[in-house]
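Biologist: Hi! Could you walk me through this one?

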Amino acid sequence: MVVSTDTISLQDQLYGKDLPDVRTVLRESGQTEELRVAVMKGRANYLCLRRWFEHMDDPIEDVADASLRAKILLWLPHTQTGDKAELRMNREEEAHWRKFASERGRCSPKRCPYARVNQCFLYRARHLAANAHIVIANHSLVLSNSTQGFVLPPFEHLIIDEAHHLEGEATSQFSWTVNGSTIEEPVRALISPDGVLQGGYFSTTSSFLARSSDSNAVKNTPLAREKAALGSQQSGIVSSLAGALMARLGEFLPPPRGMRQSFSDQLRVTEAMRARGPWHELVLTWEQLDAALLQILDSGRWFLKTLDALSLPDDDTNPESQQRDELTMELQSSLEDLTTVRLQLVKAFGQDDGTRVFWIERSPVQAVISINGAPLDVSDLLRQEVFNDAKTTVLTSATLMIDGSFDYIADRLGLRDATQLPLGSPFDHERSTLVFVPDDMPDPNHQNFQATVNATLLDLLAASKGRALVLFTSHSALQATHRAIKRPLEQKNIAVLGQRIDGSFRQIVEQLRNNPGTVVLGTSSYWEGVDVVGPALSLLVIVKLPFPVPSDPVFEARCELSNDPFNELSVPQAVLRFKQGFGRLIRSSTDRGVCVVLDRRIISRRYGDSFLHSLPATTFQVGSTYDLPLATARWLGTDAARGETLSMSWGEQW
Ligand code: SF4
């Protein structure tokens, strides 16, 4: 059985926190056989011993590279798993990990000396997984299982935890991005830069053929040199055409605002855009580039065929055979990379079959231009890549239902015929949770909304004595509130921490957990990543209903397929996000808290019912912003007027 969850840290949580409970239940029910469980991560999480020993003495690129190599040297004699999580790398070290990690195109276990003596970490992990009753995996791994060469052992049953993420994860798994470097990198691996006949697998293979003991190899050497020299010219052509293609794509975007813009610009490629002259000119540039790429791929296949035809012994102690095998593997891998990029571009600039959405993007800060693609509908892909592999698939999450129905998620995942089982919350929210909606807030689109939010929060957070998580839908609104409330609240001994302002996610959540009287302002990941049990998180404020960004190209294209995109897509997605946010408040049966929704549309618009009816039964109150601090203080047992905590304990209040 495979149990898949959303992230690697949730995999570790399932293994460390939930699995012991499963073992206890099995033991108590008379099960005597020891449960064998393996954690399986994506290939790139494991150190590749072959690559490590090949590259450990390469020139050091920078301090992070040096510190990573030192860490690996100290860790390697002791690790049983080769899993990078044990190294606790920082972001800079992570960037260098790639060159030592296992990579599909550069791995041939039959020819690898480490795999043959059972030292390869990846294959040891696979072996453990093949013998396990339960394999704990993640969505990304499950979704890429077939394309990555079946990393997971065959399984009969699949449990998908956090299934509300499956559509998004599948969309990003089957999406791609191509920029100038993505095109040039595999070409550079194959061919040395223009005019230099050293480096690159074409030149290395030519030299290898010239030195080979095989007479066929020597015969092919002049042609190999010719192809390497021709490739060198084509590499220069690819480089300038790739640059021209990206520059032309960039012309479709509005000019960058400022030197180092902190957000990305995105523009969907529409039928109307494809019909106009500038797009036709772009396609001409692409066709020239494609011709050069095809010639390189053609030469690459010739080199592969020539290596394959050598009559060298299949013996890994023979240095010439070994070198042939390594060259074959590297050539194959770079050709595969280049073919993948080319096919993505063929889809973007060729006939649009209506199954994908394409968009042009300028990245924040570095302003790199790229062309991107994503599937419009993932339900067929999920069926092919995931659901068809298992006899039974169970999808589970606390946020799958909207207004008492599974219809939305079943539609999105193509599971209309699935058996459904609603399970209630384990907590008594009516006793533990007050949901308060102020009815005198301005509309969220009104110019006074932000100022009113700030003023309301000042009184509210003083009444709750901090202990709060305030969830925003935009970082600019978060920053504005942070500026307005930080100092006044700090004068009342309430610390205010803003996402991306006052530390990393982990540091901020740790402070909320451990320092009484802390307020955290968060967007994005804070809507579902915060898990703080007890009074340290007693107040949750939802500033605006979390509707998806309408300008997101994938969302925009999916909306065009719907007759009623607002009710069929925007509202359901916002409801699921809202439920995830709401779920931050009550994390145990002894928690007690207040959830304040500052977006009055939840009571003034018809769609508001979908949000409210999707919550478990709570104590619910509509009132004024004036009443809010006192109602909060009373529910939490703090006295707003005197600014003191009532002496009742948490248990006694119930
Ligand atoms: S089998 Fe593959 S991943 Fe394992 S050490 Fe060899 S090349 Fe690396």
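Modeller: Sure, one term to begin with: a residue is near a molecule if one of its heavy atoms lies within 4 Å of it. This is a predicted model, where local features need pLDDT of at least 70 and side-chain atom pairs 80 or more, while totals for chains, interfaces and linings use all residues. Residues are numbered from 1 along each chain as its sequence is written, and side-chain values use heavy atoms, leaving out hydrogens and water.

Biologist: Cool. Which residues are around the ligand?

Modeller: They are Cys 48, Leu 49, Arg 50, Ser 102, Arg 106, Cys 107, Cys 112, Ala 115, Cys 120 and Tyr 123.

Biologist: And what classes are in that shell?

Modeller: Seven are nonpolar, one is polar and two are charged. Here Ala, Val, Leu, Ile, Met, Phe, Trp, Tyr, Cys and Pro count as nonpolar, Asp, Glu, Lys and Arg as charged, and the others, Gly among them, as polar.

Biologist: New topic, helices! How are two packed helices described?

Modeller: By the angle between their axes and the distance between the axes.

Biologist: So what about α10 and α11?

Modeller: Helix α10 (residues 201–211) packs on helix α11 (residues 215–250) at about 160°, with axes 8 Å apart. The axes are lines fitted to C-alpha atoms over the stretch in contact, with angles from 0 to 180 degrees between N-to-C directions. Helices are DSSP runs (H or I, at least four residues), numbered from the N terminus.

Biologist: Parallel or antiparallel?

Modeller: α10 and α11 are roughly antiparallel, a label for angles over 145 degrees.

Technical notes
Helices (H or I, at least four residues) and strands (E, at least two) are DSSP runs, numbered from the N terminus. Angles under 35 degrees count as roughly parallel, over 145 as roughly antiparallel, 65 to 115 as roughly perpendicular and the rest as oblique.
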